[in-house]
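Trainee: I should like to study one part of this structure closely. Would you please take me through a single helix and the contacts made by its residues?

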Amino acid sequence: SEAQALMNGLIQDQPGNPYFHELQGQILLESGRAREALGPLRRAAAQSPNAPTIRTMLGQALVAIGDPASVNEAIRHLSNAAQRDPDSPDAFRHLAQAYGRKGDIGMAEVSAAQAALNSGDLKYAQTLAYRAMTKLK
């Protein structure tokens with residue numbers, strides 16, 4: 001609550017700073033309040049639409065909520081983040097979770113393989129890629 005109060009003050013002073021909104025969303029997300037994190041994270045993404053880290057965190061919050069509409073929105077944001085920062089393991093890891101929640105196991109394994117590759121785990125990336133190949137056309 002103290003961190004939230006400090007962030008509210010910073011946002012009041014600089015409402016156009018997307019990184020203050022992102023940090024407010026991160027505080028809420030990491031406090032287990034994913035649904036409440038959506039507002040600040042959406043504001044941050046709207047103010048800085050080309051920032052992949054903000055879109056990744058927004059996608060992470062949407063995956064945590066887990067309802068079908070949120071999962072579909074998460075896939076859109078995480079795909080955007082992964083395209084803008086293809087070396088990020090986080091975007092691909094959360095994208096794998098989103099596809100898994102949607103039941104698209106092939107795409108979940110492709111995304112997890114990319115996350116493993118980006119994290120430097122080539123052997124696991126190869127295993128996941130092979131498994132994905134058996135599930136995708």
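Mentor: Let us begin with confidence, since this is a predicted model. Among the elements of the chain, helix α1 (residues 2-13) has the lowest mean pLDDT, 88, while α7 has the highest, 98. Over the chain the mean pLDDT is 95, and 100% of the residues reach 70 or more.

The part I propose to examine is helix α8, which covers residues 122-135. Helix α8 contains 14 residues, and the distance from its first C-alpha to its last is 20 Å, close to the 20 Å expected at 1.5 Å a residue.

Consider next which residues of this helix are hidden. The buried residues of α8 are Ala125, Leu128 and Ala132. Viewed down the axis of α8, these buried residues fall within an arc of 70°, so they line one face of the helix. A general rule helps to explain such a pattern: an α-helix has 3.6 residues a turn, so residues three or four places apart point the same way. The buried residues of α8 pack against α7, residues 105-118.

The other face has another character. Turned away from the buried side of α8 are the exposed residues Lys123, Gln126, Tyr130, Met133 and Thr134.

Helices α7 and α8 are also linked through charged side chains. Glu109 and Lys135 meet in a salt bridge, with a distance of 3.2 Å from N to O. This pair links distant parts of the chain, for Glu109 lies in helix α7 and Lys135 in helix α8, 26 residues apart. The two partners differ in their surroundings. Glu109 counts as buried because its relative accessibility is 7%, under the 20% cut-off. Lys135, with a relative accessible area of 44%, is partly exposed. Moreover, salt bridges that share partners join Glu109, Arg131 and Lys135 into one network.

To place this network in context, a search of the whole structure finds six salt bridges. Another of them is formed by Glu73 and Arg42, whose closest N and O atoms are 2.6 Å apart. That pair likewise links distant parts of the chain, with Glu73 in helix α5 (residues 68-84) and Arg42 in helix α3 (residues 34-47), 31 residues apart.

In summary, α8 places Ala125, Leu128 and Ala132 among its buried residues, these pack against α7, and a salt bridge between Glu109 and Lys135 links the two helices as well.

Technical notes
Residues are numbered from 1 along each chain as its sequence is written. This is a predicted model: local features need pLDDT of at least 70, side-chain atom pairs count only at pLDDT 80 or more; totals for chains, interfaces and linings use all residues. Side-chain values use heavy atoms; hydrogens and water are left out. Helices (H or I, at least four residues) and strands (E, at least two) are DSSP runs, numbered from the N terminus. The expected span of a helix is 1.5 Å times one less than its number of residues. Buried means under 20% relative accessible area, exposed over 50%, partly exposed in between (1.4 Å probe, protein chains only). The arc is that of the directions from the helix axis to the C-beta atoms. Contact means heavy atoms within 4.5 Å. pLDDT is the predictor's confidence in each residue, from 0 to 100. A salt bridge is a side-chain nitrogen of Lys or Arg within 4 Å of a carboxyl oxygen of Asp or Glu.
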